[in-house]
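Biologist: I am new to this structure and would like a close look at one part of it, chain A. Could you walk me through its loops, its helices, its domains and the places where it meets its partner?

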Amino acid sequence: MLAVLLSVVDRPVREFQSDKVKETRALKLILLDIDATGRRNFDPVGLSRPLFELRCGMTSLAEKLIARTKATDVACFIPEYMAGVYRTETQWPVNDPGALGADDLLLVNARVKADSFDIETAGPGEVGLGEDGGVQYVRVGADDLGRIQGEDITSWIDNAREVLPSVHANLPTWDYAWDLMLANPDELTADFNALGRSGIEGSVEQPNAIRGSDKDVFVAPGAVVHPMVVFDAADGPIYIDENAEIHPFTRIEGPCYVGAGSILLGAKCREGNYIGPLCRIGGELEESIIQGHSNKYHDGFLGHAYVGEWVNLGAQTSNSDLKNDYSTVSAILDGRRPLDTGSPKVGALIGDHTKTSIGTLMNTGSVVGAMALIMATGEPLPKFIPSFAWFLKGVTTKGFGKKKLYETARMAMSRRGKEFTGAHEAMFDAVFELTSEPRDEAIKKGRKQMAARQHS
Amino acid sequence: MATVEDRVKAVTGRTLNIDPGEIQAEHSFTFDLGAESVQSVELVAMFEEEFGIEMDEDAALSVETVGSACEFIARVCAEQGVAVDLE
């Protein structure tokens, strides 16, 4: 997270051109992730992080909004259950009412698409509403501050709606996790172009091949590219970040970003991938986002997927991302109601700390919750696996419970020099409660399936 | 109605493919009956299904013998208001 924060400062990120955006005055941006219902559309990857920490292209949603608004200071309001962990990962004030007390403020719903945020950041107080009537932004001048009261961020915004004039802004928003994955290739290219870096600053051992223009490849200092690696930048740029290591026989198609310290092991890296920091990636990967610290070490296909952190995908774990009839893919986020994604290409959404066994097969539009453990049977998984589920012998069980999962999480993080703290445990305890209903239903169903098998 | 012990032995036999008549109260699920880790999970699930109860997985999986399982299940049934025959 610190690296992400520094990147906001050190990198140009996206230099958005807009004659409406002012650069000269101090502006405090308040990122809002307080819609408890709407944010569940980003399950399972949004369960254990603020939505503005989700990635699209080379940058997070927060970085995009900061760059767009040219904010000089940032604070945020997020679900309280994850605040303890997030405070250890950011230098921004988190859920601090004091952040509302000074300067020109711009509060923005983290789901607003930065590219479409063409609102004057300075000006008279104003509340911008979306099509659903929800608050998309609140602009507050220093003169307005004394007029707005509230015991917490929700009541403060409610009061702002009463005090300030409202406008129907109807700004485009990110509505589901798959929106990010589908926009990822274009955002990768845009972010690469905005950064304006190209060339080889790391070590590239010969022979290697760059297809396309050298200008569309950047190998950062400390990165090591072994012999027999192909960079195909003909259709998009490739950014290899610091201390990444690309092993022989890896082929990378652009657009692609490989995060700091990540290792690609003979990977067939098709176009449109964001691979976060400290991942281990082998096999075939296409148009996917891997948040970071996750392993897909071995062969197997992952396409149009969004994978959280600390995930381990066993050898030959694969997902389908296209139905045989080419129709649009549905996904089940709540364990009950299929949602049409509107896209014919959606793979798997996989929450933090989930592990799959060798040979796991995931259906098109699969949703696998956080802290789940999958033991494959050779059959495709059900399209929805709840968080904290132990999927054994083809059914969802309680397994060995969450304590055992926490032990594994503690071990996995320590192997990368990170600590699974009491704050993490408290956050995942809250995730456990949030996700209990579909899990309990799946466990009951699993017991009946197991019993029926025994009696047959 | 069959006793708790009869029902525990029946479930154990079905799950581990053992003749229930050969299962003794002092048998360890792991060492004597050969239950592997996944089968332990399956046993817990099947006991819950058989008795209509919910068991804490940590507590349930810490039970080592058939006799201890009978006592544990009888206690959980009592706590959750499920009527069972003890003898």
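## A walk through chain A

Modeller: Let's start with one residue: E287(A) has 23 C-beta neighbours inside 10 Å, so this residue counts as buried. Please keep in mind as we go that this is a predicted model. E287(A) sits in the loop that joins β23 (284-286) to β24 (289-292) of chain A. Its backbone is worth a look too, with a positive phi of about 45 degrees even though E287(A) is not a glycine.

L278(A) is another loop residue to find. Look for L278(A) between β21 (273-275) and β22 (280-281) of chain A. L278(A) is not a glycine, yet its phi is positive, at about 55 degrees. Is L278(A) buried or exposed? There are 20 C-beta neighbours inside 10 Å of L278(A), and a residue is buried from 20 upwards, so L278(A) counts as buried.

While we are among the loops, two peptide bonds deserve a pause. The bond from D43(A) to P44(A) is cis, its omega being near 0 degrees. P44(A) belongs to the loop between β1 (27-32) and β2 of chain A. The bond leading from G254(A) into P255(A) is cis as well, with omega near 0 degrees. In this case the proline, P255(A), lies in the loop between β17 (251-253) and β18 (256-258) of chain A.

Now to the overall layout. The domain assignment splits chain A into domain 1 (2-175) and domain 2 (178-455). Taken over C-alpha atoms, the centres of these two domains are 27 Å apart. Where they meet, 26 residues of domain 1 of chain A are in contact with 39 residues of domain 2 of chain A. On the domain 1 side, β2 (55-56) and α3 of chain A each supply at least two residues. Which of these elements gives the largest share? α3(A) does, with four residues. By class, the domain 1 side divides into 13 nonpolar, six polar and seven charged residues.

Let's stay with α3(A) for a moment. This helix covers residues 80-87 of chain A, and its buried residues are M82(A), V85(A) and Y86(A). Looking down the axis of α3(A), you will see these buried residues fall within an arc of 95 degrees, so they line one face of the helix. There is a simple background to this: an α-helix has 3.6 residues a turn, so residues three or four places apart point the same way. Part of what covers the buried residues of α3(A) is α7 (422-434) of chain A.

Helix α2 (residues 61-69) of chain A gives another picture, since nine of its nine residues are buried. Among them are L61(A), L65(A) and I66(A), along with E63(A), K64(A) and R68(A). Just after α2(A) comes K70(A), with a positive phi of about 55 degrees.

For a view of the outside, turn to G146(A), in the loop between β7 (135-140) and α4 (153-163) of chain A. G146(A) has 7 other C-beta atoms within 10 Å, so G146(A) is exposed. The C-alpha atoms of G146(A) and T173(A) lie 30 Å from each other, with the two residues 27 apart along the chain.

Finally, chain A meets chain B. Here 15 residues of chain A are in contact with 13 residues of chain B. The elements giving two or more residues to the chain A side are β38 (390-392), α6 (401-414) and α8 of chain A. Of these, α8(A) gives the most, with six residues. The chain A side holds five nonpolar, five polar and five charged residues.

K398(A) is a good place to see both chains together. This residue lies in the loop between β39 (395-397) and α6 of chain A, and 26 C-beta neighbours inside 10 Å make K398(A) count as buried. Leaving aside neighbours within four places in sequence, K398(A) is in contact with W390(A), I443(A), V44(B) and E57(B).

Last comes a pair of helices. The axes of α8 (residues 436-455) of chain A and α2 (residues 37-51) of chain B come within 9 Å and cross at roughly 95 degrees. α8(A) and α2(B) are therefore roughly perpendicular to each other. The residues making this contact include R447(A), K448(A) and M450(A) from α8(A), and E42(B), A45(B) and M46(B) from α2(B). Sorted by class, the residues of this contact are four nonpolar, one polar and five charged.

How values were computed. Residues numbered from 1 in each chain as written. Chains lettered and ligands numbered in written order. Predicted model: local features only at pLDDT ≥ 70, side-chain atom pairs only at ≥ 80, totals over all residues. Buried ≥ 20, exposed ≤ 12 C-beta atoms within 10 Å, placed from the backbone. Arc of directions from axis to C-beta. Contact = placed C-beta atoms within 7 Å. Axes fitted to C-alpha atoms, helices over the stretch in contact; angles between N-to-C directions. Parallel < 35°, antiparallel > 145°, perpendicular 65-115°, else oblique. Nonpolar A, V, L, I, M, F, W, Y, C, P; charged D, E, K, R; others polar. Domains from an automatic or database assignment.
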